[in-house]
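Visitor: I should like to learn how to read a protein model feature by feature. Could you take me through one, giving the general idea before each case?

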Amino acid sequence: MKELLFVYKAHITAYLASHYKVYSLSAILGVIGGTIIKELGGWGEDLKTLIGLMGIDMLMGILIAIFWKASSKTKNGALESKACFRGLVKKGAALAFVYVGNRLDITLGMDYIRTAVIIAFIANELISIVENAGLMGLKYPQIITDCIEMLKKKQEKEDE
């Protein structure tokens, strides 16, 4: 019986040792991601929309550079890592503004600055997605341009 317990304990120890690094990395990334989302004001629908549109815009930009060689970000229109990195930096800077808006809301006891910043960046991402669709030769629904106009008007209203 003791030998069986020893073998069982050895298997459990080996299993935990082999998976410890994976679990630790997952835990660390989870803490970092949770902290970032908290500092951006929470994982609300507005932030989900913004991050989703940022991802779509990046993907479309990469596809345009690869398949259509029509990127306005490079001299020859093809994919370049430097242009991709600049795009990621711009997305990061937009999220930094969301952070600033959230902190201003907290500091000033308000509840609209963060939302106004997110709406402005959502409108920018939609405009970029529509431009990318044009470069792909894709016709987009009129409702999308109507939504962009509605977002612009909502932003102007919140700026007053």
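Guide: Let us begin with burial across the chain. This is a predicted model, and buried residues make up 28% of its 160 residues. The accessible surface comes to about 11,300 Å², with 69% of that area belonging to carbon and sulfur atoms.

Visitor: What does the secondary structure of the chain come to?

Guide: The chain has five helices and zero strands. Read along the sequence, the pattern is α-α-α-α-α. Contacts then tell how the sequence is brought together: of those with a separation of 6 or more, 64% are between residues 24 or more positions apart.

Visitor: How should one read a single helix, for example α2?

Guide: One may set its end-to-end reach against the expected span. Helix α2 covers residues 45-68, that is 24 residues, and reaches 33 Å from its first C-alpha to its last, close to the 34 Å expected at 1.5 Å a residue. Just after α2, Lys69 takes a positive phi of about 50 degrees.

Visitor: Which residues of α2 are buried?

Guide: The general idea is periodicity. An α-helix has 3.6 residues a turn, so residues three or four places apart point the same way. In α2 the buried residues are Leu47, Leu50, Leu53, Met54, Asp57, Met58, Met60, Ile64 and Ala65.

Visitor: Which residues does Leu126 touch, leaving aside those up to four places away in sequence?

Guide: Leu126 touches Leu53, Ile148 and Leu151 under that condition. Leu126 lies in helix α4, residues 113-136, and it counts as buried because its relative accessibility is 13%, where the cut-off is under 20%. The C-alpha atoms of Leu126 and Leu53 are separated by 7.2 Å, although the two residues are 73 apart along the chain.

Visitor: How many aromatic pairs does a search of the whole structure find?

Guide: The search finds two aromatic pairs. In reading such a pair, one considers the distance between ring centres together with the angle between planes. The rings of Phe67 and Trp68 have their centres 6.5 Å apart and their planes at 85 degrees, so this pair is edge-to-face. Phe67 counts as exposed at 60% relative accessibility, while Trp68, at 41%, is partly exposed. The other pair, Phe97 with Phe121, is tilted, with 6.1 Å from centre to centre and 40 degrees between the planes. Phe97 lies in helix α3 and Phe121 in helix α4, so the pair ties together parts that are 24 residues apart in sequence. Phe97 is exposed, with a relative accessible area of 51%.

Visitor: How many salt bridges are there, and where does the one between Lys48 and Glu45 lie?

Guide: The count comes to seven salt bridges. For each, the reader may ask how far apart the partners are in sequence and how accessible they are. The side chains of Lys48 and Glu45 meet at 3.2 Å, N to O. These two residues are three apart in helix α2, and therefore separated by about one helical turn. Lys48 is partly exposed at 34% relative accessibility, whereas Glu45 counts as exposed at 56%.

Visitor: Which salt bridge links distant parts of the chain?

Guide: One of them joins the side chains of Asp46 and Arg114, at 3.1 Å from N to O. This pair links distant parts of the chain, with Asp46 in helix α2 and Arg114 in helix α4, 68 residues apart. Asp46 is partly exposed, with a relative accessible area of 22%, but Arg114, at 8% relative accessibility, counts as buried.

Visitor: Are Glu125 and Lys91 buried or exposed?

Guide: Both Glu125 and Lys91 are buried. They form a salt bridge in which the closest N and O atoms are 2.9 Å apart. Glu125 lies in helix α4 and Lys91 in helix α3, so this pair ties together parts that are 34 residues apart in sequence. Elsewhere, salt bridges that share partners join Lys38, Glu39 and Arg103 into one network.

Visitor: Finally, which residues make the nonpolar surface patch of about 520 Å²?

Guide: A patch is read as a group of accessible side chains. This one is made by Tyr99, Val100, Leu104, Leu108, Met110 and Tyr112. Among them, Leu104 has its place in helix α3, residues 81-108, and counts as partly exposed because its relative accessibility is 37%.

How values were computed: Residues numbered from 1 in each chain as written. Predicted model: local features only at pLDDT ≥ 70, side-chain atom pairs only at ≥ 80, totals over all residues. Heavy atoms only, no water. Patch = residues over 30% accessible without salt bridge, like charges linked within 9 Å, V, L, I, M, F, W, Y side chains within 5 Å. Areas by Shrake-Rupley, 256 points an atom, 1.4 Å probe, with all protein chains shown as cover. Salt bridge = Lys/Arg side-chain N within 4 Å of Asp/Glu carboxyl O. Helix = DSSP H or I, 4+ residues; strand = E, 2+ residues; numbered from the N terminus. Buried < 20%, exposed > 50% of the residue type's maximum accessible area, 1.4 Å probe, protein only. Contact = heavy atoms within 4.5 Å. Expected span 1.5 Å × (residues − 1). Phe/Tyr/Trp six-rings, centres within 6.5 Å; stacked < 30°, edge-to-face > 60°.
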